[in-house]
Amino acid sequence: MPFGALSGIFQGAAGVSAPISTSFLNAVKLQRPTVIVTISTLFVAMSVVQIPILALFGIMTLQTAFMGVLVLLPLFVGMSVGASLAKRMDTKTFDRAILAVLVVLAAKQFWDAGFAAL
């Protein structure tokens, strides 16, 4: 429950819940298919709430919605490539890949925070 609440706070405040939720799922040592379904469900659930709110505040316009739909094309290609690569990975390599992504996300957040402070 605390990780879910912290993830929700981070998503609401900055749109960045992946480091918390992915770290938690990695620590729980769920099976790969369960991790993938859980992360996908998490992001869909947040989008279902976030998109109407963004539209209400005028942030999500028809133009930004159209750009979002266009971004889905490379996203689906990347997901297909990732799914085929994941089938060839053992569990340990999959866990290491998740940790590598988390390190990159953390480094980016520190980088962005450093430039925001300037």
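Patches here are built from residues with over 30% relative accessible area and no salt bridge, and nonpolar side chains are joined when they lie within 5 Å. With that in hand, one nonpolar surface patch of about 760 Å² stands out for a look, made by Val44, Val48, Val49, Ile53, Leu56, Phe57 and Ile59. Val44 sits in helix α3, which covers residues 32-56. Its relative accessibility is 52%, so Val44 counts as exposed, the cut-off being over 50%.

**The overall picture**

Keep in mind that this is a predicted model. The mean pLDDT of the chain is 80, and 85% of its residues reach 70 or more. Confidence isn't even along the chain: helix α1 (residues 2-14) has the lowest, with a mean of 63, while helix α4 (residues 62-87) has the highest, at 87. So what is the chain made of, in helices and strands? It has five helices and zero strands, and reading along the sequence gives you α-α-α-α-α.

As for the surface, the chain exposes about 8,800 Å², with carbon and sulfur atoms supplying 78% of that. Of the 118 residues in the chain, 15% are buried. If you take contacts between residues at least 6 apart in sequence, 62% of them join residues at least 24 apart.

**The core around Leu25**

In soluble globular proteins, nonpolar side chains tend to be buried together. Which residues make up the largest nonpolar core here? There are six in all: Leu25, Val35, Ile39, Phe94, Ile98 and Leu102. Two elements, α3 and α5, give two or more residues to this core. The largest share, three residues, comes from α5.

Leu25 is a handy place to start looking around. It belongs to helix α2, residues 18-28. Is Leu25 buried or exposed? At 8% relative accessibility, Leu25 counts as buried, because the limit for that is under 20%. The buried residues of α2 also include Ala18, Pro19, Ile20, Ser21, Thr22 and Asn26.

Setting aside residues up to four places away in sequence, Leu25 touches Leu30, Val35, Thr38 and Ile39. Seen from the other side, and again leaving out neighbours within four places, Ile39 is in contact with Thr22 and Leu25. Leu25 and Ile39 are 14 residues apart along the chain, and their C-alpha atoms are separated by 8.5 Å.

**Just past α2**

Follow the chain out of α2 and you come to Lys29, which lies in the loop between α2 and α3. Lys29 is not a glycine, yet it has a positive phi of about 65°. Its relative accessibility is 60%, so Lys29 counts as exposed.

**A salt bridge in α5**

How many salt bridges does the count come to? The count comes to one. Asp112 pairs with Lys108, with the closest N and O atoms 2.4 Å apart. The two are four residues apart in helix α5 (residues 91-117), so about one helical turn separates Asp112 from Lys108. An α-helix has 3.6 residues a turn, so residues three or four places apart point the same way. Asp112, at 36% relative accessibility, counts as partly exposed, and Lys108, at 48%, counts as partly exposed too.

**Accessibility side by side**

Here are the residues picked out above, with their values and classes.

| Residue | Relative accessibility | Class |
|---|---|---|
| Leu25 | 8% | buried |
| Lys29 | 60% | exposed |
| Val44 | 52% | exposed |
| Lys108 | 48% | partly exposed |
| Asp112 | 36% | partly exposed |

Note on methods. Residues numbered from 1 in each chain as written. Heavy atoms only, no water. Patch = residues over 30% accessible without salt bridge, like charges linked within 9 Å, V, L, I, M, F, W, Y side chains within 5 Å. Areas by Shrake-Rupley, 256 points an atom, 1.4 Å probe, with all protein chains shown as cover. Salt bridge = Lys/Arg side-chain N within 4 Å of Asp/Glu carboxyl O. Buried < 20%, exposed > 50% of the residue type's maximum accessible area, 1.4 Å probe, protein only. Contact = heavy atoms within 4.5 Å. Core = buried A, V, L, I, M, F, W, Y, C linked by side-chain atoms within 4.5 Å. pLDDT = per-residue confidence, 0-100.
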